[in-house]
Amino acid sequence: MTPSTTVHSPLRLYGRSGELAILETLLGRLRAGDGGALVLTSPPGLGRTALLRQAAAHYLGRHGGPVLYAAAAPTEQRLPYSGLHALLCSAPGPLPVTPDTILGSGITPGGLLGLLRGLGAEQPLLVCVDDAHAWDPDSRAALGFAARRLGAGSRVAVVIGAADETAFAGLPALRLGPLDDDAATALLDRLTDGTADVDPVVRSELLHEAAGNPRLLAGLVGRLTPGQLAGRTALPYPLPGAEGVLDAHAEHLDGLPPDTRALLLLAAAAEEHEPDGAGADAALLLRAGARAGLATVHLDRVLFAPAGTAGALQRAGSRVHFSHPLLRRAVLHRAPPGRRRAVHELLAGLLTGPGSAPLPALVQLACAAPGPDAALAGQLEAAATAPRPHGERSAALARAAALSTDEELRAARFAAAAEQARLAGDTGRARAMLARVGPHLAGGAAAYVRGMLALRDGPATDAREALLTAAELLAPTDPRRTLDALFGAAEAAWDMGDAIAYLDAMNRVPVTAADRSMAQYRAGMCAVLAGHPDRGHALLRCCLDSADRAEDADELLRAGASALVLGEVDAACRAGARALAVVRTRGPEALLPHALEQLAYAELRSGQHARARAHALEGLHAARRTGQQNSATHLHSVLALAASVEGPAEACAAHADAALAGAGPHGLAQAAMLATWAVARADLAAGRPGEAAARLGPLVRPGPGTGHFATRMLAVPCYIEAMVLSGRADDRAGELAVAVEEFALWTARTTDPQVPAQLARCRALLAPPGKAAARYEEALAHHDRAGGDFERARTQLLHGQLLRRLRRTREARGPLRDALVAFERCSARVWAERAGGELRAAGEAVDVPDQSGPGPLAGLTPQQQRIARCVAEGATNREVAVRLSVSPRTVDHHLRNVFAALGVRSRTELARLLDR
């Protein structure tokens, strides 16, 4: 048998490298003379056919091997052996038995196995069958029998594509999943010829609607005009192009009994008024089925036994779900329009009654509407209000827009639907609704939603400009949203680290704002940034005091921000906790990541690192769930700061890298600064003051390109410590003095209880040895009043290091011991290890768990272990001496003993030994 030439090489596949590697392994075994089988399963549109063609083309083109390839013809499903007939007809040469003979008299499973083995004996054979679930039962059974017996030495490999593996149980199966975001984006670029003219909102909507289904994505793109792709023309609602995939999903339901198909249509229609993913109410389905004349016994059997619907429906408590979202859409798509409208009208009648909310019934009536209906659209819009959830309001407003004939009204309703979707935390749907608003009809409402979306998931500069534009457009008609837009623009400027832009946005807020607390907040923040801290602090304190009676989440968040500016970190924690409780209880979901972020940051400032980490992790999950990348970036920076205290260092580095990766493209200066500060503090904990100083210098020095205007002072104590411990204080004495004086001025303006202690510690670090002790005592006195283990322990550690460096080792043990206990109490593991090392060096035995395990250093003294690790990291003797507060000669002496004890002859060998 000669190789076939009928299989053509497909286009490039995206996101299937893992699947292609598995197929290549199977083909590699086939070339070596072994056989095997693999079943590729997936819902329609995910690329089964493309993978089969790729495997066949690869084997044929690269190795010249023979290939049998067939795709099922559903119309022949009732014709016995029609599937095997089509497969054998693809053979390029004569066969021992003709395909027509098999079609006429059939073939036993054993006969098919012998036939395939005989063909493989001539040359290793690849058999590919697509859509095998649609073959006739006799062909399916024979193929499954043969495939299970094609193992080592058979020289035949079978690759089967099917909707599921039910008919081929016992064979290795690989289920295809949707494309990931990167692969789907790459495919979209290819489908649009890589043009940069695709509007970002349209791009987002296409990717969201396709949900990783490549065939669906291609269908959607193929039905849009260049103007629609570029965002110059509003997208149609709903998007066309899904018909092929929906038909493929519906095909395997066509053989179900009529009553079962009727119940599937009821279930699909009953989800229309529910939030996405909520499923249908089983009780409503039972009532609707009975009203439609379906037997109760049949309803119970189908709803309570998934096998009754061929797996299409799944029961979860009181809810009924389709096994795949596209399957529900396929059922509605397949139903005749008249029948579909009748089902929606039936459900609307059941949902109408005394005590019933009007919105669900109105949505069902909207689904039944044969065309535009201005009156029904108005009813939907009127009903889409509180207390209905934001997601339901968004769906209702979208229906109202679809029923509207007036273009401006249609655009306004789509913009309102986008706003409700944003508040529900569904940024994908929000962008989808915006894509239906024509550019010439965008108005202030659409600009506002775009700006708020960019504030949480886009460049901060874009968010600021969009929100300022929205404020101008909304000012004549919507004062409340105008205020929200201006405060959003100010927040974007704050994230950017642009104080002038922040003042510009805040100064546009009308001074006659009805909300007294809001007016005090605006005036107070403007006064502080304009250089009038006393007046600003008085106003912010009024804002904070008024929050005692507040029940609005935004007002409580402003109170928390006021407290942070004032330095009243405990009050910031209380306000943040109350704001979080309000958001959890009343929503909106979109505000949850921001509320958690602000509370976690306040807890960091107050020294509650474990609580901050817990809230920040919850916030990170919420940010990812709601598509708020900027919030995730800020939360990563908070988590990096928490890890710089608690460890491990790898967690700090990972969170800082994630924060910096997000901060750069979106211009989030505050997140970038906090992440850099976190890494520098971790460097200090690990005994790398030189690296810490290099990171912090650009953040705390005055002038352009420095750290964030509101937070750079927080990093000054770490910078002073890093410069002193790295031995560079004398060279930069003038610069450090200026930094300390600026920090002193800030200390006088803040009520943060830790700051006076940090100022005294900075002065102690820079003081001559004879005067430093008094400064440390002053700092500890401040710590006594402020509380907080971590900052007090840092002061005690530095004090003990100074005493040990002055060879007052007996006196050093007290503060070092206190530092060790305090670090252990607040779970600052790396800092505790550093304090323990200092205490051992002062001559006191310390049992600090060694997180690195016994390893090759187990036989060394604690001081030798510390020196060995520093040298293995690449530090010079002088750098090690600075880290450990010893002389370079002492380091040299210990290092020689380390080399002798470990049997190594160089620093390189030592590093290799510790890397094992």
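The buried residues of helix α29 pack against four helical neighbours: α27 (533–546), α28 (553–566), α30 (592–605) and α31 (609–625). The model is a predicted one, and α29 is a handy place to start reading it. The buried set in α29 consists of Val569, Ala571, Ala572, Cys573, Ala575, Gly576, Ala579, Leu580, Val582 and Val583. The helix itself covers residues 569–586, and its 18 residues should span 26 Å at 1.5 Å a residue; the end C-alpha atoms are 25 Å apart, which agrees. Just after α29 comes glycine 587, with a positive phi near 80 degrees.

Stepping back, the protein chain holds 46 helices and 8 strands. Its C-alpha trace spans about 110 × 80 × 50 Å along the principal axes. Of the 916 residues, 53% count as buried. As for contacts with a separation of 6 or more, 63% come from residues 24 or more positions apart.

Helix α38 can be read in the manner of α29. This helix runs over residues 755–766, and its 12 residues reach 17 Å from first C-alpha to last, close to the 16 Å expected at 1.5 Å a residue. Because 9 of the 12 residues of α38 are buried, the helix is largely enclosed by the rest of the structure. The buried residues are Val755, Ala757, Gln758, Leu759, Ala760, Arg761, Cys762, Ala764 and Leu765; the list thus takes in Gln758 and Arg761 alongside residues such as Val755 and Leu759. Packing partners for this buried set are α36 (716–725), α37 (733–749), α39 (769–786) and α40 (789–805).

Next, the nonpolar cores. The largest of them has 192 residues, and Leu206, Leu380, Tyr521, Ile720 and Phe823 have the most contacts inside it. Helix α34 (residues 669–685) gives the most to this core, with 10 residues. A second core, separate from the largest, has 35 residues, including Ala37, Leu68, Tyr81 and Val127. Back in the largest core, isoleucine 720 is one of the residues with the most contacts. Leaving aside neighbours within four places in sequence, isoleucine 720 is in contact with Leu736, Ala739, Val740, Cys762, Leu765 and Leu766. Two of these partners, Cys762 and Leu765, also appear among the buried residues of α38.

A buried charged side chain turns up elsewhere. Arginine 431 sits in helix α21 (residues 427–434). With a relative accessibility of 15%, arginine 431 counts as buried, because the cut-off is under 20%. Its side chain is joined to that of aspartate 457 by a polar contact of 3.4 Å. Not counting residues up to four places away in sequence, arginine 431 touches Val201, Ser204, Leu453 and Asp457.

The strands fall into open sheets. One has 5 strands with parallel pairing, in the order β2-β3-β4-β1-β5. At its edges stand β2 (67–71) and β5 (173–175), each with a single partner strand, so one side of each is left without a neighbour in the sheet. On average, neighbouring strands here are turned by 15 degrees against each other, direction ignored. Within the sheet, strands β3 (residues 125–130) and β4 (residues 156–162) run parallel and are joined by 5 bridges. Leucine 125 has valine 156 in β4 as its bridge partner.

Another open sheet has 3 strands, ordered β6-β8-β7, and its pairing is antiparallel. Its edge strands, β6 (280–281) and β7 (313–316), each pair on one side only. Between β6 and β8 (residues 319–322), which run antiparallel, there are 2 bridges, and alanine 280 has valine 320 of β8 as its bridge partner. On the other pairing, β7 and β8 are joined in the antiparallel sense over 4 bridges, with leucine 313 opposite phenylalanine 322 in β8. The hairpin of β7 and β8 has 2 residues between the strands, and glycine 317 takes a positive phi there, near 65 degrees.

Side chains in a regular strand alternate between the two faces of the sheet. In β8, Val320 and Phe322 make up the covered face, whereas Arg319 and His321 make up the uncovered one. Both covered residues have appeared above as pairing residues: valine 320 with alanine 280, and phenylalanine 322 with leucine 313.

Conventions
Residues are numbered from 1 along each chain as its sequence is written. This is a predicted model: local features need pLDDT of at least 70, side-chain atom pairs count only at pLDDT 80 or more; totals for chains, interfaces and linings use all residues. Side-chain values use heavy atoms; hydrogens and water are left out. Buried means under 20% relative accessible area, exposed over 50%, partly exposed in between (1.4 Å probe, protein chains only). A polar contact is a pair of N or O atoms within 3.5 Å; within protein, one must be able to donate a hydrogen and the other to accept it, and residues adjacent in sequence count only if both atoms are side-chain atoms. Contact means heavy atoms within 4.5 Å. Two strands pair if DSSP finds at least two bridges between them. Axes are lines fitted to C-alpha atoms, for helices over the stretch in contact, and angles run from 0 to 180 degrees between N-to-C directions. The expected span of a helix is 1.5 Å times one less than its number of residues. A nonpolar core is a set of buried Ala, Val, Leu, Ile, Met, Phe, Trp, Tyr and Cys residues joined through side-chain atoms within 4.5 Å.
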